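Q: I would like to learn how to read a sheet, its helices and a ligand site from coordinates. Could we work through one case together?

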Amino acid sequence: MGYLLGVIGNPIKHTLSPWIHQQFMKETGINGIYRPYEIKEEELKESFDTFRRMNVDGFNVTIPYKETITRFTDILDPRARAIGAVNTVVNQDGTWKGYNTDGRGYIRSLKQSFPELDTSVKSVLLIGAGGAARGIYDALNQEAFPVIDIANRTRERAEGLLDIREAHVKTSLYTLIEAEQNLHQYDLIIQTTSIGMAPNDGMMPLQLQTLKQNTIVSDIIYNPIETCFLKTAKEKGARIHYGHGMLLYQAALAFELWTGRSIHPAHILQELEQKLKG
Ligand code: ATR
């Protein structure tokens, strides 16, 4: 029998994860099914118990259950514990272990686009301090970047990220207005807020007047593919990185955890872009 996989969330109608995992199955010759499950909050525990009884191989977890699911897993990977959120659950011989592949997926996607990242990027600005930012901040801390600053509307939320800071990393916290005035300091700027997401397209968390040329500007929003933030950055001579890369690479890492097979998904990126535009 093939792998039994899926994704839980709410809403889940527009998820591209089943399509992405189908591509991975094709690539590896692995048989299996990957289904979306729209689940209400009060059904979460019962659904997990059903997955246990069915002995599924694992599942992804998306909005709004990435934090809540940590109550039901048996063990957590140390990075998922530090982040406080799980996007991938793996059935390891009846022990259900929670992982978070979002941040590592993001870094992998970024390195695919910019292989020289490790040597060319010394200072990073992370815009936003929500769940997605937390995973990315953690993954950035596991890399060798000496400066990772955070700009967020609410200072307390940004302070919350400091508990996962590694000793070799220097982080200063800024308001969005403060950060806006000093963008020339950064080699990499990562936009993780929901500002610019459809249907509120056209908005930006901060203006880009002080951006220097060749800075890598990245937005994790993939609907629309090219946010106003990225379009403006491109016009100013920045090198840009689109959000659907993270979507693809976090999925690749999840697939690797379930099946033990490595995935090289770069060739799927363009097709994914077409699907998102379609
Ligand atoms: P996710 O899990 O997708 O990261 P989230 O946890 O709700 O979503 O975080 C959303 C991020 O977008 C936060 O950084 C939030 O800022 P606050 O921490 O101040 O709430 C930011 N954000 C959302 N709407 C915003 C707005 N209108 N202006 C500025 N920041 C906004």
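A: Let us begin with angles: axes are lines fitted to C-alpha atoms, and the angle between two of them runs from 0 to 180 degrees between N-to-C directions. In this predicted model, helix 4 (residues 102-113) lies across strand 10 (188-191), strand 11 (216-219) and strand 12, and its direction makes about 140° with strand 12. Helix 9 (residues 228-235) also packs on the sheet, where it touches strand 7, strand 10, strand 11 and strand 12, and it runs at about 165° to strand 11.

Q: In what order do the six strands of the open sheet lie, and which strands stand at its edges?

A: The order is 9-8-7-10-11-12, with parallel pairing. Strand 9 (173-174) and strand 12 (239-241) each have a single partner strand, so one side of each has no neighbour in the sheet. Further in, strand 7 (residues 123-127) pairs with strand 8 (residues 147-151) through five bridges in the parallel sense, and Ser-123 has Val-147 of strand 8 as its bridge partner.

Q: Which polar atoms of the protein lie by oxygen atoms of the ligand?

A: A polar contact is a pair of N or O atoms within 3.5 Å. A polar side-chain atom of Arg-157 is 2.8 Å from a ligand oxygen, while backbone polar atoms of Ala-132 and Gly-131 lie 3.1 Å and 3.2 Å from ligand oxygen atoms. On its own the ligand has 640 Å² of accessible area, of which the protein covers 68%.

Q: How does the shell around the ligand divide by residue character?

A: The shell holds three nonpolar, seven polar and two charged residues; among those surrounding the ligand are Gly-128, Asn-152, Arg-153, Thr-193 and Ile-195.

Note on methods:
Residues numbered from 1 in each chain as written. Predicted model: local features only at pLDDT ≥ 70, side-chain atom pairs only at ≥ 80, totals over all residues. Heavy atoms only, no water. Near = heavy atom within 4 Å. Polar contact = N/O pair within 3.5 Å; in protein donor to acceptor, adjacent residues only side chain to side chain. Areas by Shrake-Rupley, 256 points an atom, 1.4 Å probe, with all protein chains shown as cover. Nonpolar A, V, L, I, M, F, W, Y, C, P; charged D, E, K, R; others polar. Pairing = 2+ DSSP bridges. Helix = DSSP H or I, 4+ residues; strand = E, 2+ residues; numbered from the N terminus. Contact = heavy atoms within 4.5 Å.
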